[in-house]
Structure formats: structure tokens, C-alpha cells
Amino acid sequence: QVQLVETGGGLVQAGGSLRLSCAASGRFLSIDPMGWYRQAPGNQREFVASITSAGRIKFADSVMGRFTISRDNAKNTVYLQMNSLEPEDTAVYYCNAQVLAPNGLTAIYWGQGTQVTVSS
């Protein structure tokens with residue numbers, strides 16, 4: 001089993017910044033990619049950003065230029081730096097990881113979610 005633990009959510013004013021972290025633990029051979037999704041009330045969960053162990057990065061258009069993603073492979077931790085936050089960024093943010101288990105099977109894991117609220 002793999003556990004993803006997120007930290008760093010909270011309340012911030014528009015224009016402010018927050019940094020989310022997600023640490024993976026458990027038994028696995030590799031995690032690739034790791035990333036973030038978010039879900040606002042009444043909306044479907046949507047992709048935000050992802051990063052591979054080699055450093056290849058993808059962003060949703062809505063956060064391009066405002067958010068950055070990084071990863072510490074030694075700590076199995078992914079970070080999401082969110083700058084110039086807008087009220088539209090308000091959502092529960094979920095860490096996501098594609099995990100290669102010791103038995104050779106791949107599975108998707110999700111964190112428990114962390115609330116980000118941006119006030120106008």
C-alpha cells in the first residue's frame with residue numbers, strides 16, 4: 001500500500017501565495033508521475049500539474065505562469081508553489097501518483113485532499 005499525505009492548504013487573499021506538499025510512503029518501485037488535481041464545489045476534479053522523475057512538467061492552461069511544480073525524488077515528495085492566487089483557484093487540491101508496485105503492477109493513488117481558499 002502507498003500513502004500520500006498532503007500539507008500546506010489554507011486561506012489566502014487574492015494575489016497571495018501558498019505552497020502545497022505531498023509525501024509518498026509505503027512499498028513501491030517507483031512513482032511516475034506525481035501531480036496535483038483540484039475540485040471546486042459543483043465541479044469535476046480537474047488536472048492542475050504533474051512532474052515526472054526526470055523533471056518533465058505539464059500544467060493546466062489556467063495555472064500556467066502562476067504555479068510551479070517541483071519534486072524531491074529522494075523524499076518521494078512533490079511540491080506545488082501557487083502564486084498570484086485568484087478566487088477561481090479555490091478548491092480542494094488532491095495529490096496524485098502513478099505507482100509501480102513491487103509485483104510489477106501499476107496503480108493510481110490519491111491523497112486525502114487539502115482545502116485552498118482564496119478570498120477576493
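The secondary structure of the protein, as given by a predicted model, consists of 11 strands and zero helices. Read along the sequence, the elements accordingly follow the pattern β-β-β-β-β-β-β-β-β-β-β. The protein is as compact as a globular protein of its length, because its radius of gyration of 14 Å is close to the 14 Å that the globule rule gives for 120 residues. Along the principal axes, the C-alpha trace spans about 50 × 25 × 20 Å.

Of the 120 residues, 38% count as buried, and the accessible surface of the protein comes to about 6,300 Å², with 49% of this area belonging to carbon and sulfur atoms. Among contacts with a separation of 6 or more, 54% are accounted for by residues that lie 24 or more positions apart. The protein carries 9 positive and 8 negative charges, and the mean positions of these two sets are 9 Å apart.

The pairing of strand E11, which comprises residues 114–119, involves both E2 and E9. Strand E2 (residues 10–13) runs parallel to E11 and is joined to it by four bridges; within this pair, valine 12 has valine 118 of E11 as its bridge partner. Strand E9, by contrast, pairs with E11 in the antiparallel sense over three bridges, and here tyrosine 93 has threonine 114 of E11 as its bridge partner. In a regular strand the side chains alternate between the two faces of the sheet. In strand E11, the covered face is formed by Thr114, Val116 and Val118, whereas Gln115, Thr117 and Ser119 make up the uncovered one. Two residues of the covered face, Thr114 and Val118, thus also appear as bridge partners, threonine 114 for tyrosine 93 and valine 118 for valine 12.

Strand E9 (91–100) is followed by a loop that leads to strand E10 (106–110), and glycine 104 lies in this loop. Glycine 104 counts as partly exposed because its relative accessibility is 48%, a value that falls short of the 50% above which a residue would be exposed. Leucine 100, which is found in strand E9, is likewise partly exposed, with a relative accessible area of 28%. Although leucine 100 and serine 30 are 70 residues apart along the chain, their C-alpha atoms are separated by 5.2 Å. Beyond residues up to four places away in sequence, leucine 100 touches Phe28, Leu29 and Ser30, together with Leu105 and Thr106.

A further loop, between strand E5 (46–51) and strand E6 (57–59), contains threonine 52. This threonine is buried, because its relative accessible area of 16% is under the 20% cut-off. When residues up to four places away in sequence are not counted, threonine 52 touches Asp32, Pro33 and Arg71. The C-alpha atoms of threonine 52 and tyrosine 37, which are 15 residues apart along the chain, are separated by 15 Å; for threonine 52 and glycine 104, a sequence separation of 52 residues corresponds to a C-alpha to C-alpha distance of 19 Å.

Two of the residues touched by threonine 52, Asp32 and Pro33, are also joined by a peptide bond of note for its geometry. The bond from aspartate 32 to proline 33 is cis, with omega near -5°, and proline 33 itself lies in strand E4 (residues 30–39). Most residues other than glycine have a negative phi, and most peptide bonds are trans. With regard to phi, asparagine 76 and serine 84 are to be mentioned alongside this bond. Asparagine 76 has a positive phi, near 50°, in a residue other than glycine, and its place is in the loop between strand E7 (67–72) and strand E8 (77–82). With a relative accessibility of 25%, asparagine 76 counts as partly exposed. Serine 84, although not a glycine, has a positive phi of about 50°, and is situated in the loop between E8 and E9. Serine 84 also counts as partly exposed, its relative accessibility being 39%.

Definitions and conventions:
Residues numbered from 1 in each chain as written. Predicted model: local features only at pLDDT ≥ 70, side-chain atom pairs only at ≥ 80, totals over all residues. Heavy atoms only, no water. Rg over C-alpha atoms; globule rule 2.2 N^0.38 Å. Buried < 20%, exposed > 50% of the residue type's maximum accessible area, 1.4 Å probe, protein only. Contact = heavy atoms within 4.5 Å. Areas by Shrake-Rupley, 256 points an atom, 1.4 Å probe, with all protein chains shown as cover. Lys, Arg positive; Asp, Glu negative; His and termini not counted. Charge placed at Lys NZ, Arg CZ, Asp CG, Glu CD. Pairing = 2+ DSSP bridges.
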